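This report goes through the features of one protein chain, heading by heading. The sequence and the structure come first.

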Amino acid sequence: MTFGLLMGIVGAFLIPFILVWLVCYGLEAYALYTLAKNNGQDDKAILAFVPYINRGLYAFFAGDQEMFGNQVSTIVSAGILALLPLLSTFIGHLLWGLVWVILTIVVIIVSYYNYKAVYSKMSKISDSNLFAILASVITLCRVIFIFLHRNDILVEDGEIVE
């Protein structure tokens, strides 16, 4: 088998996955941008189009929150969501599997708390816990869910959040 044929076969399988990833990224970025604009976060809305950093917007929407009995500020939560996946990729390759697994679990846990806080502020959501679990484990669920709710106004204790 020649190298060109092998690359053609690999490309035939990779191109659809790359296209789906690009579509999902675009839908989530647009949804986060719209959600930020609709909720008075015009200065942060453009961050929706920056890879990895756009996940930190979920933390800004969630605000300060309590995780495992400790108060976690918005900026710490945003940093974990935005930078830890990037760091875990590099550190995981250097230090092998265990560190990568621990960092991935931390990201999933922090994601769950942030998604739950954001989804509970959406007035049309009946069970924010279920959606938070699905969104933190299955990326496609997060993309679809945030896109469907991109025009929501975030409400906390009956008052619009800005």
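## Buried side of H6

In this predicted model, helix H6 has four buried residues: Ser 128, Ala 132, Ala 135 and Ser 136. The arc they cover around the axis is only 95°, so they are on the same side of H6. H6 spans residues 128-137 and is among the helices that each supply at least two residues to the lining of the largest pocket.

## Overall make-up

Seven helices and four strands are found in the protein chain. Along the sequence they follow the pattern α-α-α-β-β-α-α-α-α-β-β. The chain has 162 residues, of which 35% are buried.

## The largest pocket

The volume of the largest pocket is about 660 Å³. Its lining consists of 25 residues, and those closest to the centre are Trp 21, Tyr 52, Arg 55, Thr 139 and Arg 142. By type, the lining has 16 nonpolar residues, six polar and three charged.

Five helices each supply at least two lining residues: H1 (3-38), H4 (74-95), H5 (97-120), H6 (128-137) and H7 (139-148). The helix that gives the most is H5, with six residues.

## Tyr 52

Tyr 52, one of the residues closest to the centre of the largest pocket, is located in the loop between helix H2 (42-45) and helix H3 (56-62). Its phi is positive, at about 70°, although the residue is not a glycine. The relative accessible area of Tyr 52 is 38%; values between 20% and 50% count as partly exposed, so Tyr 52 falls in that class.

## Aromatic pairs

The model has eight aromatic pairs. One of them joins Tyr 112 and Tyr 113, with ring centres 5.4 Å apart and planes at 70°; the pair is edge-to-face because that angle is over 60°. Tyr 112 is partly exposed, at 22% relative accessibility. Tyr 113 is also partly exposed, and its relative accessible area is 22%.

A second edge-to-face pair is formed by Tyr 119 and Phe 145, whose ring centres are 4.4 Å apart and whose planes are at 70°. This pair links distant parts of the chain, since Tyr 119 belongs to helix H5 and Phe 145 to helix H7, 26 residues apart. Tyr 119 has a relative accessible area of 0% and is therefore buried. Phe 145, at 8% relative accessibility, counts as buried too. Both rings are part of a cluster in which ring pairs link Tyr 58, Tyr 115, Tyr 119, Phe 131 and Phe 145.

## Charges over rings

Two placements of a basic side chain over an aromatic ring can be described. Lys 44 lies over the face of Phe 60, at 5.2 Å from the centre of the ring. Arg 150 lies over the face of Phe 147, and here the distance to the ring centre is 4.1 Å.

## Points to check in the view

Which helix gives the most to the lining of the largest pocket? Helix H5 does, with six residues. In H5, Tyr 119 can be inspected together with Phe 145 of H7, its partner in an edge-to-face pair.

Is Tyr 119 buried or exposed? Tyr 119 is buried, with 0% relative accessible area. Where is Tyr 52 placed? Tyr 52 is in the loop between H2 and H3.

Key. Residues numbered from 1 in each chain as written. Predicted model: local features only at pLDDT ≥ 70, side-chain atom pairs only at ≥ 80, totals over all residues. Heavy atoms only, no water. 1 Å grid on protein atoms, 1.4 Å probe; cavity = no way out; pocket = protein on both sides within 12 Å on 5 of 7 lines; lining within 4 Å. Points joined across faces, edges and corners; volume = space filled by probe spheres on them. Nonpolar A, V, L, I, M, F, W, Y, C, P; charged D, E, K, R; others polar. Phe/Tyr/Trp six-rings, centres within 6.5 Å; stacked < 30°, edge-to-face > 60°. Buried < 20%, exposed > 50% of the residue type's maximum accessible area, 1.4 Å probe, protein only. Lys NZ or Arg CZ within 6 Å of the ring centre and 35° of its normal. Arc of directions from axis to C-beta.
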